[in-house]
Amino acid sequence: TERSLGLRLVHTPSSTRIPNFAFAFDIDGVLLRASKPIPGAAESLSLLKEQGIPFILLTNGGGKHETERVAEISEKLNVTLDPTHIVQSHSPFAELVKGVDETSALEHKRILVAGGDGDSCRLVAERYGFKNVVTPGDIFMANPSIWPFSKNYSDYYKSFARPLPPVSGSQDPTMGLKIDAIFVFNDPRDWALDTQVIMDLLLSSNGVMGTLSEKNGRPDLPNHGYQQDGQPPLYFSNPDLWWAAAYHLPRLGQGGFREALEGVWAATTGGPGKGIGLKKTVIGKPYQPTYEFAERQLLRNRARTFMHATDLPPLQRVYMVGDNPESDIRGANSYRSEVGSSWQSILVRTGVYNGGEPVWTPRTIADDVQRAVEWALKSSK
Ligand code: G3P
Ligand code: MG
């Protein structure tokens, strides 16, 4: 049967024909803008739900647990979603709790988690299973002289900071605090304090606050003597230099913070071009691991939705609808699927992209998510 759903005529798959395609929707600039629904977004998702066409929300955003974020979106877009319908920038970090083996597991290691409002990201990390989470705010409140200029925000930090685990024989609770891994879960709110604390750890001996790597500063060693000897690994969840927020022009994202930190690192370790590149892991769109994580989630959802089907066809196409050529379009275009699905990128005009030749070429450009879905449904007939 064919029904007019306000999205123009759409062919409703017969009950036995399971769609061999699915959708991945970016959030900011596609479904929501400054947390407000973009026209047509609610209708599009409810149409796909009604037609049993699987989709996943794939965002470089975060700062809240998937349960909380998806509940907010369900309410805003009037569509019933559960946490398996969303992949946020930091969702893949949950896999590091257990790691691939005993030695790589971070569950009981002490990690620094930066970013987000208050200690919202600490709470996310703890819900993932990390048992020993410290924030830059905890460190600042334990010794405000760590960064002399955040004292104006003491009330803010006091509202969520936790006392640091006691370190023997030191007046300064930060002295001797060992951090085993550094995570930036979401956009830091205090770039200055977070930059200072992360630099302290990167320049330390084995991640111990208040120390300097003994390899530092020895003229006989290359690059001003700085070598990374056992510094804690550094993880970023989102590479976005810019993103679509309430302001009419894009705003600096977590990638902006990382670039600022890399500038301080380069200047500290030998100057631009001479310094040692900062060793780090950056996940999020457009990178392969995040798309793999999202596709695996999409496949699990699809198998669950059609669990009684005897003839579940392979997933052949995924339409990625995004507003940022650098993360959404580039990521979908370059993603090599583990199951051979073809990811086709659709760029919309309701976010970062504002016309002209996009730096990464999408399969098609649509005015908004509703037109994007319409185009995809027509193409998948
Ligand atoms: O911090 C969110 C921003 O980086 C972009 O989010 O949903 O457009 O991937 P999204
Ligand atoms: Mg976006």
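Modeller: Donors are N, O and S atoms within 2.8 Å of the metal (3.2 Å for Na, K and Ca), and water is not among the atoms, so sites may look incomplete. This is a predicted model, in which local features need pLDDT of at least 70 and side-chain atom pairs count only at pLDDT 80 or more. Residues are numbered from 1 along each chain as its sequence is written.

Biologist: What makes Asp 26, Asp 28 and Asp 323 donor residues of the magnesium ion (ligand 2)?

Modeller: Asp 26 (OD), Asp 28 (O) and Asp 323 (OD) coordinate the ion at 2.0 to 2.1 Å, and the limit for a donor here is 2.8 Å. Their spacing in sequence is D-x1-D-x294-D, and the pair Asp 26 and Asp 323, 297 residues apart, links distant parts of the chain.

Biologist: Why is Asp 26 called buried?

Modeller: Buried means under 20% relative accessible area, exposed over 50%, and partly exposed in between (1.4 Å probe, protein chains only). Asp 26 has a relative accessible area of 4%, and therefore counts as buried; Asp 323, at 2%, is likewise buried.

Biologist: How do you know that Arg 69 has no salt bridge?

Modeller: A salt bridge is a side-chain nitrogen of Lys or Arg within 4 Å of a carboxyl oxygen of Asp or Glu. For Arg 69, which is buried, the nearest side chain of opposite charge (Lys and Arg count as positive, Asp and Glu as negative; His and the chain ends are not counted) is Glu 72, at 4.3 Å, so the criterion of 4 Å is not met.

Key:
Chains are lettered from A and ligands numbered from 1 in the order in which they are written. Side-chain values use heavy atoms; hydrogens and water are left out. Helices (H or I, at least four residues) and strands (E, at least two) are DSSP runs, numbered from the N terminus.
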